[in-house]
Amino acid sequence: MSHVFPRHCHTQPPIAVGGEGVFLIDSEGKRYLDGSGGAAVSCLGHGDKEVTEAIKAQLDRLAFAHTGFLTSEPAEALADLLIEHAPGDLDRVYFVSGGSEATEAAIKLARQYWVEKGQPQRSRLIARRQSYHGNTIGALSAGGNEWRRQQFGPLLLDVSHIAPCYEYRERGEDETAEEYGLRAANALRDEIERLGPDTVMAFMAEPVVGATSGAVPPAPGYFRRIRQICDEYGILLILDEVMCGMGRTGTLFACEQDGIAPDILCIAKGLGAGYQPIGAMLCSKEIYDAIAQGSGFFQHGHTYIGHPVATAAGLAVVRAILDRDLLVQVQRKGRALQSALESRFGQHPHVGDIRGRGLFRGIELVADRASKAPFDPSLRIAARLKKAAFVRGLICYPMSGTIDGKHGDHVLLAPPFIISDAEMGMLVDRLADAVEEVLGHGG
Ligand code: PMP
């Protein structure tokens, strides 16, 4: 009997013993095509020698130094590299160990900024429904996923949630995409007015929504209007690129494609590419200066922030993304994946939408295409699809979307950037077989 506390108490997952490129290998020798990079983590695939060598070299030099006393060479070099490529006036990097720690730190930094600026009445955070920002209490409060929140309600912070930007479901028939984007963004203005503008500290959103909705990109102009509203009211914009950042959408940061920069940016997953647990929060010079010229101390911290081995891994990963020209490859392969999915599922009566950016793609499943009605949750479509794919040696990330009875189940795909055309074909074939088993031919 295993003593590991598993994700699901009544299942014993296979034991992973190896990884090669886009494949994971279990103790029985079965190979799984990692079509979602775990949860959009393994952007370089498995067994990348350059990254593992960089980690070993750092371990030989220095495994750990507490940032209460010392910084380290890889942390300094990685911060420089990220800031060199970061949008806007992002100027400082705060390293943590994962995505939830990054968003949690962002919420606290936003609050402290306003305290330092002499506006302590600003304590309200606005976020969006159908979003995920992590599982710690602050991050969970910011997220709008009811299924994850429901047991913890009494413990959560009072965060306001506005509607997501979700063209497939929310755009009116007589609206253009741009008009819809503007309308969706204006929900932020209305909520700020409702709460009282000088009580609001920040707005938090994922540029391309991942785990709760399946790679939903924003409507054109949405984030430009969001940025404008934040500026008009002097409210901080926090972008959570934990899943969609680090090249996943074809640019190093997803928000580059929306032509805006946030005040605080959260990254994780692809930053360590699974080789080490690492996340980061980047903040603007204005925010950093407010702390530096105020109390001089960000009232936060964890034992493992700026870990030398984790930052050495992150440095090797970001260099690989940039030096191997992977962003261009993500753009090309992303277009190829979208058209392969469209030609395979475009006419399927239970596929309502195929969407995404770069190698971050989602398929939304519906009971009825015309009405967009979701499947009854009791059918457990997402769970069955995950199993059917896994049996066929495909790891993908299906999620039940029916928490609010409104949006459908979906499948998220986020394969390693190094995936070959043949492997991409294999991914789509295996997914099609799994969809056929669960939903039928559709013909
Ligand atoms: N934000 C987003 C957008 C995420 O997708 C996730 C993880 N799925 C998190 C935050 C939390 O990251 P972690 O699981 O590393 O704590």
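Sort the shell around the ligand by class and you get six nonpolar, seven polar and two charged residues. Keep in mind that this is a predicted model. There are 15 residues around the ligand, and the ones that come nearest are Gly98, Gly99, Ser100, Val242 and Met243. Which helix gives the most to that shell? Helix α4, running over residues 99–116, does, with three residues.

Now zoom out to the whole chain. The domain assignment splits the protein into domain 1, made of 16–47 + 325–439, and domain 2, covering 52–323. Taken over C-alpha atoms, the centres of domain 1 and domain 2 are 25 Å apart. Where the domains touch, 36 residues come from domain 1 and 32 residues from domain 2. On the domain 1 side, α1 (37–40), α12, β11, β12 and β15 each put in at least two residues. That side of domain 1 divides into 17 nonpolar, 11 polar and eight charged residues.

Several of those elements turn up again in an open sheet. Its four strands follow the order β11-β12-β15-β14, and the pairing is antiparallel. At the edges sit β11 (351–357) and β14 (397–399), each of them pairing on one side only. Going from one strand to the next, the twist averages 20°. Inside the sheet, strand β12 (residues 360–365) pairs with strand β15 (residues 409–413) over five bridges, in the antiparallel sense. To find the register by eye, look for Glu364, which stands opposite His410 in β15.

Two helices lie against this sheet. Helix α12 (residues 326–345) packs on it and touches β11, β12 and β15, with a direction that makes about 175° with that of β11. Helix α13 (residues 381–391) also packs on the sheet, where it touches β12, β14 and β15, and its direction makes about 165° with that of β14.

There is another open sheet to trace, again of four strands, in the order β1-β2-β3-β13 and with mixed pairing. Why do β1 and β13 each have a side without a neighbour in the sheet? β1 (16–20) and β13 (394–395) stand at the edges with a single partner strand each, so one side of each is left open in that sense. Strand β2 (residues 23–26) and strand β3 (residues 31–34) pair over three bridges in the antiparallel sense. Here Phe23 stands opposite Leu33, and Leu24 stands opposite Tyr32. β2 and β3 make up a hairpin with four residues between them, and if you check the backbone angles in the turn, Gly29 has a positive phi of about 90°. On to the parallel part of the sheet: β3 and β13 pair that way over two bridges, and the bridge partner of Asp34 in β13 is Ile395.

Last stop, a pair of helices. The axes of α3 (residues 73–85) and α11 (residues 308–323) come within 8 Å and cross at roughly 35°. Is the crossing left-handed or right-handed? For α3 and α11 it is left-handed. From α3, the contact is made by Pro74, Ala75, Ala77, Leu78, Leu81 and Leu82, while α11 brings Pro308, Thr311, Ala312, Gly314, Leu315 and Val318. By class, the residues where α3 meets α11 come out as 10 nonpolar, two polar and no charged.

Methods: Residues numbered from 1 in each chain as written. Predicted model: local features only at pLDDT ≥ 70, side-chain atom pairs only at ≥ 80, totals over all residues. Near = placed C-beta within 6 Å. Nonpolar A, V, L, I, M, F, W, Y, C, P; charged D, E, K, R; others polar. Pairing = 2+ DSSP bridges. Axes fitted to C-alpha atoms, helices over the stretch in contact; angles between N-to-C directions. Contact = placed C-beta atoms within 7 Å. Left-handed = near helix turned anticlockwise from the far one by under 90°. Domains from an automatic or database assignment.
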